[in-house]
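Student: I've got a chain open on my screen and I'd like to talk it through. Can you walk me through it?

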Amino acid sequence: MSGATSAPRPDTGGGSGGERSIGEIFSSITTELSTLVRQEIALAKTELRQDAKNAGRGAGFLAGAGVAGHLFLISLTALAILALGHLIGHAWAALIVTVVWGVVAAVLAKSGQKALKQVPPPLERTTTTLKEDVQWAKHPTT
């Protein structure tokens with residue numbers, strides 16, 4: 001147990017009928033609150049470490065998948081050039097496949113730009129609420 005629920009303390013002989021003074025109660029509450037906060041912070045640190053470890057592992061796997069996917073596309077490109085090369089010549093096949101990849105890249109770049117323009121600035125809502133809190137603190141009656 002963490003000590004949050006403890007048995008009643010025995011009478012130390014200083015009070016009337018086993019009652020503790022306000023100072024003792026306040027000291028006890030402060031100590032227990034301090035312990036609770038330390039335990040919560042330790043738990044949060046442990047959870048964050050574990051989450052960061054898992055996120056790092058996942059990012060590594062995604063990076064490996066990206067490399068493998070890139071190599072796949074290179075191989076697929078070479079295959080397309082060789083397959084078309086038998087029909088129209090290898091130089092023309094390479095040009096056609098390169099142009100197709102250029103068009104794909106342009107479409108993806110435009111789509112990415114459009115999506116990024118829709119993203120709000122970081123912490124927009126937090127900044128707004130903090131500004132409101134500051135205004136309220138300056139004028140709490142309004």
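Student: How much area does the chain expose, and what share of it do carbon and sulfur atoms supply?

Tutor: Keep in mind that this is a predicted model. The chain exposes about 12,100 Å². Of that area, carbon and sulfur atoms supply 69%.

Student: And what percentage of the residues is buried?

Tutor: Buried here means under 20% relative accessible area. Out of 142 residues in the chain, the buried ones make up 4%.

Student: What pattern does the chain follow along the sequence?

Tutor: Start with the tally: there are three helices and zero strands. Reading along the sequence, you get the pattern α-α-α.

Student: How do α1 and α2 sit: parallel, perpendicular, antiparallel or oblique?

Tutor: Helix α1 covers residues 22–88 and helix α2 covers residues 90–117. Their axes come within 7 Å and cross at roughly 135 degrees. Over 145 degrees would count as roughly antiparallel, and 65 to 115 as roughly perpendicular. So α1 is, relative to α2, oblique.

Student: Which class of residue, nonpolar, polar or charged, has 12 members in that contact?

Tutor: On the α1 side, the contact includes Leu-73, Ile-81 and Ile-88. From α2 come Trp-92, Val-97 and Trp-101, among others. Three contact residues are polar and none is charged, while the 12 are nonpolar.

Student: Is Thr-98 buried or exposed?

Tutor: Thr-98 lies in helix α2, and its C-alpha is 9.3 Å from that of Ile-81, 17 residues away in sequence. Its relative accessible area is 52%, and the cut-off is over 50%, so Thr-98 counts as exposed.

Methods. Residues numbered from 1 in each chain as written. Predicted model: local features only at pLDDT ≥ 70, side-chain atom pairs only at ≥ 80, totals over all residues. Heavy atoms only, no water. Axes fitted to C-alpha atoms, helices over the stretch in contact; angles between N-to-C directions. Helix = DSSP H or I, 4+ residues; strand = E, 2+ residues; numbered from the N terminus. Parallel < 35°, antiparallel > 145°, perpendicular 65-115°, else oblique. Contact = heavy atoms within 4.5 Å. Nonpolar A, V, L, I, M, F, W, Y, C, P; charged D, E, K, R; others polar. Buried < 20%, exposed > 50% of the residue type's maximum accessible area, 1.4 Å probe, protein only. Areas by Shrake-Rupley, 256 points an atom, 1.4 Å probe, with all protein chains shown as cover.
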